[in-house]
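Trainee: I should like to learn how to read a structure of this kind. May we go through it feature by feature?

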Amino acid sequence: MESTLTQAEPFCIVKNLQVLFHGRNVLQGIDLTLSGNGIVVVLGSSGSGKTTFLRSLNRLNECYPGYSSSGRVNLKLSGTMSDINHSDLPLTELRRQVGMVFQTPNVLPTSIAQNISLPLKLVTGLGKSEREARLVEVLQEVHLWDEVKNRLKDNAFRLSGGQQQRLCMARVLALKPQVLLLDEPTASLDFKTSHKIEDLLIELQEHYQIIAVSHSLRQARKIADQILIMKEGRIEHLLKKEKFEDPKILQKLLEEIF
Amino acid sequence: MSRLLDICVYSWSWLATIKIFLVIGCLLWFLLSRGLPTLSKELFFGDAPVLQAIFGQVRVWDALWPACVGTLLLVLLAGLIAVPLGIASGIYLACYASSPFKRILSMSVELLAGTPSIVMGLFGFALILFLRDTFLPEANTSLLLASLCLALLILPYLIFTTQVALESLADEYQLIGPSLGLTQVQTVFHILLPAAGRSILGGVVLAIGRAAEDTAVIMLTGVIANAGLPHGLFGKFEALPFRIYYLAAEYQSPAELNSAYGTALVLLALTGLLYSGAFALHKTLEWQWNQH
Ligand SMILES: Nc1ncnc2c1ncn2[C@@H]1O[C@H](COP(=O)(O)OP(=O)(O)O)[C@@H](O)[C@H]1O
Ligand SMILES: [Mg+2]
């Protein structure tokens with residue numbers, strides 16, 4: 001099924017994308033064109049291939065054994081559509097530009113500051129003072145600065161789950177990505193903390209193209225501009241905001257699928 | 001019923017833990033009570049004047065000092081050879097090797113781990129014989145050869161612990177590096193190794209202990225009873241475990257046997273010192289990782 005929204009220039013074009021692990025088809029020929037502004041939320045039952053789909057946008061599936069794929073993915077990076085498999089785009093550069101935050105916060109077992117500073121140094125080679133400026137900037141961007149400014153040398157594990165997740169986001173943002181992939185970023189967090197992160201995402205959508213997997217209908221309706229529904233490795237529906245504003249329609253669609 | 005099982009399991013694990021302390025306590029008490037009274041200047045230096053003995057200006061007879069230096073050098077050399085090699089092989093197995101090749105390699109490492117130390121010694125000995133018959137007629141057993149064979153002996157511990165430490169890091173942790181756009185080398189050295197550092201340190205400690213106590217390897221590769229301080233890499237040397245071995249085997253008087261206990265105590269202390277060295281090195285690296 002070809003899912004298209006055509007009123008604006010697309011930022012993501014996927015053509016007949018197949019992903020296999022150990023010969024088993026996990027994504028079965030995805031055709032998709034995403035355009036417009038705002039957050040794209042991916043919904044679907046567990047095992048439907050949401051995570052695999054996200055990981056195929058920054059080629060992270062390649063880190064797993066038994067991976068093979070076919071098809072094409074084009075993303076809008078620095079204003080132009082680029083084939084993510086093209087040799088002109090080095091893998092490390094693609095992954096810097098397409099940042100990813102995982103389901104459970106995965107901070108480095110080192111200080112809060114170093115969590116941001118170390119990858120920044122390795123990827124960009126920036127000097128110490130520039131890194132420190134960037135550190136403050138991104139911690140403010142994720143509203144963590146006031147909470148941690150006096151304890152930057154503390155181990156990141158001492159932060160709460162929600163703080164850790166925001167630190168992980170800051171770590172990605174420090175590298176100045178253009179696309180953000182979020183894989184159920186609030187799955188391991190409580191209700192109140194989830195709300196904080198959702199509000200943060202709504203702010204961040206101004207500056208980054210966000211594609212987020214969600215496990216909650218409520219969350220999807222709150223933050224999404226478009227909803228992508230996956231089932232058994234296929235894109236089942238692509239819904240615009242008008243469609244899911246009415247909770248009944250969305251509920252019905254989801255019931256069909258789960 | 002399940003409550004009863006709970007209690008049983010609990011008391012069993014509790015007893016098992018206590019047992020460890022008991023065993024260590026008994027061993028230490030036994031060693032201390034026999035060995036402590038023998039610790040003296042004479043045990044270390046015989047009748048030689050201390051300062052001159054330490055710097056090798058005076059030959060020390062029938063005392064520990066040359067064996068202490070010998071063991072220290074032996075372990076340091078073996079570690080210097082084996083630790084970088086072992087950690088590098090572990091990294092290769094965990095992060096780079098493709099699966100059919102990996103299986104063969106892992107099997108070889110297991111085989112190496114299962115090789116008795118006396119075989120390792122024999123191998124070193126045979127190597128010298130071979131060298132003598134071919135292009136190095138003056139080759140002889142020596143400190144270097146013993147260190148090499150010891151390095152071979154401890155290599156599998158280091159490989160295994162490094163590999164397991166890296167592989168047991170959570171999937172999501174392993175993905176941090178790649179997902180941020182780090183190269184594989186950066187990921188290994190800046191993200192994975194520091195997180196696995198503690199476990200690798202455990203392997204290094206195990207390896208140090210093994211190298212410090214082994215007698216079979218060095219007996220065939222260069223240790224002798226009265227070598228004095230080691231004369232360079234190609235000289236013979238003394239070592240603490242070997243001294244304990246022959247004191248215990250050929251003692252002439254109870255006092256001599258007791259001095260074997262004293263020697264054992266010294267070996268224990270020396271090993272502890274080496275552990276602290278490894279620990280300090282790890283702390284330094286960790287500290288460096290935390291700087292930005
Ligand atoms: N690295 C992998 N190796 C093998 N199978 C995988 C891997 N990743 C995902 N799969 C399989 O692909 C299917 C979809 O997984 P995933 O994308 O994680 O689903 P979701 O995120 O929607 O729960 C599952 O059946 C899963 O077992
Ligand atoms: Mg998932």
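Mentor: Let us begin with a term. Helices and strands are DSSP runs, of at least four residues for a helix and at least two for a strand, and they are numbered from the N terminus. Please keep in mind that this is a predicted model.

Trainee: Which element gives the most to the shell around ligand 1?

Mentor: Helix H1 of chain A does, with 4 residues. The elements that contribute two or more residues to this shell are H1 (50-57) and strand E3 (24-35), both of chain A.

Trainee: Which residues come nearest to ligand 1?

Mentor: A residue belongs to the surroundings of a ligand if one of its heavy atoms lies within 4 Å. Here 13 residues meet that condition, and A:Arg24, A:Gly47, A:Lys50, A:Thr51 and A:Thr52 come nearest. By class, the shell consists of 7 polar, 3 nonpolar and 3 charged residues.

Trainee: Where do polar atoms of the protein approach ligand 1?

Mentor: A polar contact requires N or O atoms within 3.5 Å of each other. In the case of A:Thr51, a polar atom of the side chain is 2.6 Å from an oxygen atom of ligand 1. A:Gly47 uses a polar backbone atom instead, 2.7 Å from an oxygen atom of the ligand. A side-chain N or O atom of A:Arg55 lies 3.2 Å from a nitrogen atom of ligand 1. As to cover, ligand 1 taken alone exposes 560 Å², and the protein buries 70% of that.

Trainee: How should I read the interface of chain B and chain A?

Mentor: The size of an interface is often given as the accessible area lost when the parts come together. Between chain B and chain A, about 2,200 Å² is buried, and carbon and sulfur atoms give 63% of this area. Chain A brings 30 residues to the contact and chain B brings 19.

Trainee: How many polar contacts and salt bridges are counted between chain B and chain A?

Mentor: There are 7 residue pairs in polar contact, both residues being at pLDDT 80 or more, and 0 salt bridges. On the side of chain B, helices H8 (171-174), H9 (176-180), H10 (184-213) and H13 (254-290) each give two or more residues. That side has 9 nonpolar, 8 polar and 2 charged residues.

Trainee: What does the secondary structure of chain B come to?

Mentor: Chain B has 13 helices and 0 strands. Its C-alpha atoms fill a box of roughly 65 × 65 × 40 Å along the principal axes.

Trainee: How many salt bridges does the structure hold over all chains?

Mentor: Side chains of opposite charge can pair when their charged atoms come close. Over all chains, the structure holds 18 salt bridges. One example is A:Glu93 with A:Arg96, whose closest N and O atoms are 2.9 Å apart. Both residues lie in helix H2 (residues 91-97) of chain A, 3 residues apart, which is about one turn of the helix.

Definitions and conventions: Residues are numbered from 1 along each chain as its sequence is written. Chains are lettered from A and ligands numbered from 1 in the order in which they are written. Side-chain values use heavy atoms; hydrogens and water are left out. A polar contact is a pair of N or O atoms within 3.5 Å; within protein, one must be able to donate a hydrogen and the other to accept it, and residues adjacent in sequence count only if both atoms are side-chain atoms. Accessible areas come from the Shrake-Rupley method with a 1.4 Å probe; for residues, only the protein chains shown count as cover. Ala, Val, Leu, Ile, Met, Phe, Trp, Tyr, Cys and Pro count as nonpolar, Asp, Glu, Lys and Arg as charged, and the others, Gly among them, as polar. Contact means heavy atoms within 4.5 Å. Buried area is the accessible area (1.4 Å probe) that two parts lose on being put together, summed over both. A salt bridge is a side-chain nitrogen of Lys or Arg within 4 Å of a carboxyl oxygen of Asp or Glu.
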